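Student: I am new to this structure and would like to understand how the terms used for it are justified. Could we go through them one by one, setting values against definitions?

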Amino acid sequence: MAMAGSVAGAALRRGRIGLRHRLARPPGLGGGRAAADWSRSRAAAGGAVQYCAELVRKRDYEGFLCSLLLPAESRTSAFALRAFNVELAQIKDSITQKTTGLMRMQFWREAVEDIYCDNPPHQPVATELWRAVKRHNLTKMWFMKIIDEREKNLDDRAYRNIQELETYAENTQSALLYLTLEMLGVRDIHADHAASHIGKAQGIVTCLRATPYHSTRQKVFLPMDICMLHGVSQEDFIRGKQEKNVRDVIYDIASQAHIHLEHVALDDFLHNMQKVDFNIFHPSLQKKSTLLPLHLYIRSWRKTY
């Protein structure tokens, strides 16, 4: 999502703090085999970088655009972090049995453990994540929080209340932003506080944006307490109803996101939703903004997020 650019912008405004990517140097004139081995390792590394960037471009386009706005020495690490997030996020939608999802989560839990033991598995995202960890001394705890929270979320049930949704967002989206700040060399309590609010807002908006898609699969994850407050059932969303009480549910949830956030790119979606009277099923909300790359670039240039 585009709010990663906001965190990146905060880091840039604090003085473009960042750790430089140390390029590997080729071996000396010690023999053709050593040089060939080095070339193959660099080619493999390039392939892993490309894999991560392409995965993020396809599954997290806004995050992809924001990563392009980061300092050049940080982009490959940013793609690795977001590719890791994509790998975990798509598990829930790609399984038919929870057991399969648990196995995949366990793979990534063990992969992170191996990464911090300098023994990453031969998987492109894990390989690039290992390089990012080594390059920026990233905190292991945040990776584990993301895995643990997404594993708990494998159950197909709605959030009981808005606080439960915010907790999920904090341990996934905010944790990813904490890692992004570390990658940029920013370790500051004020930046972390902003990242916490941004991550919660992002999590709420992501839940809203995914509602039409989930409804087509006979699933609804919106907070139950707000639905009950307005007398709205899950079946109302599955049938795509657009009555006022359904829109009131969306309004209340969107308002909670706005409490956390006012002037970043998420505002665009909230504003567009307001224009259609909080009809989450309106076709205009399902379209990607073709002008988003330009808007992000202008905001980056003006240092307004």
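Tutor: Let us start with one term: a residue is called buried when its relative accessible area is under 20%, exposed when that area is over 50%, and partly exposed in between. By that rule, buried residues make up 48% of the 305 residues in the protein chain, and please keep in mind that this is a predicted model.

Student: What makes up the chain in terms of helices and strands, and how many of each are there?

Tutor: The protein chain has 15 helices and zero strands. Its exposed surface comes to about 15,600 Å², of which carbon and sulfur atoms supply 53%.

Student: Why is helix H3 described as largely enclosed by the rest of the structure?

Tutor: Helix H3, residues 61–68, has eight residues, and six of the eight are buried, so the description follows from that count. The buried ones in H3 are Glu62, Gly63, Phe64, Leu65, Cys66 and Ser67.

Student: What makes aspartate 60 and arginine 82 a salt bridge?

Tutor: The term requires a side-chain nitrogen of Lys or Arg within 4 Å of a carboxyl oxygen of Asp or Glu. The closest N and O atoms of aspartate 60 and arginine 82 are 2.7 Å apart, and the pair therefore qualifies. This pair links distant parts of the chain, with aspartate 60 in the loop between helix H2 (32–59) and H3, and arginine 82 in helix H4 (residues 72–89), 22 residues apart.

Student: Are these two partners buried or exposed, and how do you know?

Tutor: Aspartate 60 has a relative accessible area of 12% and arginine 82 has one of 6%; as the limit for buried is under 20%, both partners are therefore called buried.

Student: How do you know that lysine 134 forms a salt bridge with aspartate 118, and why is the pair said to tie parts together?

Tutor: The closest N and O atoms of lysine 134 and aspartate 118 are 3.3 Å apart, which satisfies the limit of within 4 Å. Lysine 134 lies in helix H6 (residues 124–136) and aspartate 118 in the loop between helix H5 (98–115) and H6, so the pair ties together parts that are 16 residues apart in sequence. Aspartate 118 has 44% relative accessibility and therefore counts as partly exposed, a term for values between 20% and 50%.

Student: Which terms apply to the accessibility of glutamate 164 and arginine 157, and why?

Tutor: The side chains of glutamate 164 and arginine 157 meet in a salt bridge at 3.0 Å, N to O. Glutamate 164, with a relative accessible area of 16%, is buried, whereas arginine 157, at 42%, is partly exposed. Elsewhere, salt bridges that share partners join Arg109, Asp148 and Glu151 into one network, and the structure holds 18 salt bridges.

Student: How many aromatic pairs does a search of the whole structure find, and what makes the pair of tyrosine 159 and tyrosine 168 tilted?

Tutor: The search finds eight aromatic pairs. In the pair of tyrosine 159 and tyrosine 168, the centres are 6.0 Å apart and the planes meet at 45°. Ring centres within 6.5 Å make a pair, and an angle that is neither under 30 degrees nor over 60 is called tilted, so both parts of the name apply. Tyrosine 159 is buried at 9%, and tyrosine 168 counts as buried at 12%.

Student: Which residues do ring pairs link into a cluster?

Tutor: That cluster consists of Phe84, Phe107, Trp108, Tyr116 and Phe143.

Key. Residues numbered from 1 in each chain as written. Predicted model: local features only at pLDDT ≥ 70, side-chain atom pairs only at ≥ 80, totals over all residues. Heavy atoms only, no water. Helix = DSSP H or I, 4+ residues; strand = E, 2+ residues; numbered from the N terminus. Buried < 20%, exposed > 50% of the residue type's maximum accessible area, 1.4 Å probe, protein only. Areas by Shrake-Rupley, 256 points an atom, 1.4 Å probe, with all protein chains shown as cover.
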